[in-house]
Amino acid sequence: MVLEKLGEGLRNAINKILRSNVADREAVEELVKELQRALLMSDVNVELVFELSERIKKRALDETLPPGISRREHVVKIVYDELTNILGKKAYPLEITPGKANIIMLVGIQGSGKTTTVAKLARYLTKRGVKTGVVCADTFRAGAYEQLYQLVSELGVKFYGEPNSKSSVSVARKGIEVLQKEGCEAIIVDTSGRHKEEKGLMKEMQDIAKAINPQEIILVVDGTLGQQASVQARAFKEATNIGSIIVTKLDGSARGGGALSAVAATGAPIKFIGNGEKIEDIESFNPTGFVGRLLGMGDLQSLLDKVREAELTPDKEAAMAFLSGRFTLKDFYNAMEQLKKMGPVSKVLELLGVGAKFPSELREVADDKMKYWKVMMQSMTREELVNPKLIDRSRIIRIARGSGTQPKEVKELIDQYFAAKKVAKMMGKQRLRGKHGMQIPQSISPEQIKKWKGKLA
Ligand SMILES: Nc1nc2c(ncn2[C@@H]2O[C@H](COP(=O)(O)OP(=O)(O)O)[C@@H](O)[C@H]2O)c(=O)[nH]1
Ligand SMILES: [Mg+2]
């Protein structure tokens, strides 16, 4: 399991707040303290932890709750957001352009896990149908050739190396040439990284890169370095603009959180993480999914879905006006349109806690019907739009003719409008509290009406 300790700490903190009755200031502060503890134990940078805590606290206490979401759920969502943020926000998948040889070169100091990762990547790509070859351009370390050969020998991966060569540049160049001829779409080059310091490492990287012109250079960083991993990442990021990073040994490393967050903070894209010695222990890195798993995704996914759905809720005032029954035909249309934009109308109404009370035809107004409504309304006078009661039989015929529709279709629109108005009015009278606690007042002030009309116009 990746970052086991950190995940455990975070989950404990989260579960505590989810089980509590309230997420008041005290509970939020308690949560933040526990998060801090877990993050610091995982060697996440102190300043980063501090910034993160402040943001979580501020957002948790200041932000308006999406309807239907409890404060505790909201807090958890915020923690999720913020953790995802410090791990780099988005995923950077490895891109292989088909029909040509994509040259990928791995660099990193000795022992960081390069050779293992070359083999892991070769397996990963082969599994995805990419014809892959590897080159051992580590001419320094005795046994480097053997090691890589062993690792990939059973993968159906092409291999090139020269056990007795002393020139990494020439082996790399030759290897590319040979594997290209063999039709490899991805050629992964292993290097020695014998340097203790970043400077020497960057120099070697540039020498080989000049000779083989790779699409991508990947720095392999040892995750057990914790936040110190960022020193290499930064030097690397400055030295190349075609670079990405793989953080290894995140299995069991107590400092992996520090390594990942510190590398992400340099802005260098983390493409994969290594989580074990075995050749299949690699995964493409996606901060969203990663944090989800750390926090125990099972429960979290439904919560996140719920919040996302709730955030689709229409503007509160507009919704209240809609439900007060004080809307014209045009407002009715606009409101329906607004609702439709937010997803299936029935879903939105449900969220508002009024789904069941709406006439079913209204809940399932099809898009094409809405289109007709628009044309019909364009054939109405201003007066009619504001006061649909005026629309009698002869006006209906006129509107139908003007809009190229059938009178019975016009009638249907008018009927639905009145049906909605009636339901809304009734609910207004009941001073309905939305089942999620949204208050719908009996009447609304003229200011409010003006405001929401402006919004819908
Ligand atoms: N636990 C663990 N060990 C790893 C991982 N990646 C590499 N190693 C180990 O780290 C050591 C050095 O790996 P190697 O690939 O030879 O590093 P190189 O010198 O950079 O080529 C080996 O013992 C590997 O088995 C990983 O993700 N998890
Ligand atoms: Mg090696």
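Select Arg141 and ligand 1: a polar side-chain atom of Arg141 lies 3.0 Å from an oxygen atom of the ligand. The model on screen is a predicted one.

Keep ligand 1 displayed and add Lys120. A polar atom in the side chain of Lys120 sits 3.3 Å from an oxygen atom of ligand 1. Next, add Gly274, and show its backbone. Here a polar backbone atom is 3.5 Å from an oxygen atom of the ligand.

Now widen the selection to the surroundings of ligand 1. There are 17 residues around the ligand, and those that come nearest are Gly111, Lys114, Thr115, Thr116 and Asp251.

Leave the ligand and select residues 168-181, which form helix 7, together with residues 198-212, which form helix 8. The two axes come within 9 Å and cross at roughly 35°. Viewed as a pair, helix 7 and helix 8 make a right-handed crossing. To see the contact itself, show side chains for Ser168, Val169, Ala172, Arg173 and Ile176 on helix 7. Their partners on helix 8 are Glu204, Asp207, Ile208, Ala211 and Ile212. Colouring this contact by class gives 6 nonpolar, 1 polar and 3 charged residues.

Move on to helix 9, residues 229-239, and helix 10, residues 256-265. Their axes come within 8 Å, with a crossing angle of roughly 25°. Angles under 35 degrees count as roughly parallel, so helix 9 is roughly parallel to helix 10. The crossing of helix 9 with helix 10 is right-handed.

Which residues of helix 9 and helix 10 meet? Select Ala229, Ser230 and Ala233 in helix 9, then Ala259, Ala262 and Val263 in helix 10. By class, the contact of helix 9 with helix 10 holds 5 nonpolar residues, 1 polar residue and no charged ones.

Definitions and conventions
Residues numbered from 1 in each chain as written. Chains lettered and ligands numbered in written order. Predicted model: local features only at pLDDT ≥ 70, side-chain atom pairs only at ≥ 80, totals over all residues. Heavy atoms only, no water. Axes fitted to C-alpha atoms, helices over the stretch in contact; angles between N-to-C directions. Helix = DSSP H or I, 4+ residues; strand = E, 2+ residues; numbered from the N terminus. Parallel < 35°, antiparallel > 145°, perpendicular 65-115°, else oblique. Left-handed = near helix turned anticlockwise from the far one by under 90°. Contact = heavy atoms within 4.5 Å. Nonpolar A, V, L, I, M, F, W, Y, C, P; charged D, E, K, R; others polar. Near = heavy atom within 4 Å. Polar contact = N/O pair within 3.5 Å; in protein donor to acceptor, adjacent residues only side chain to side chain.
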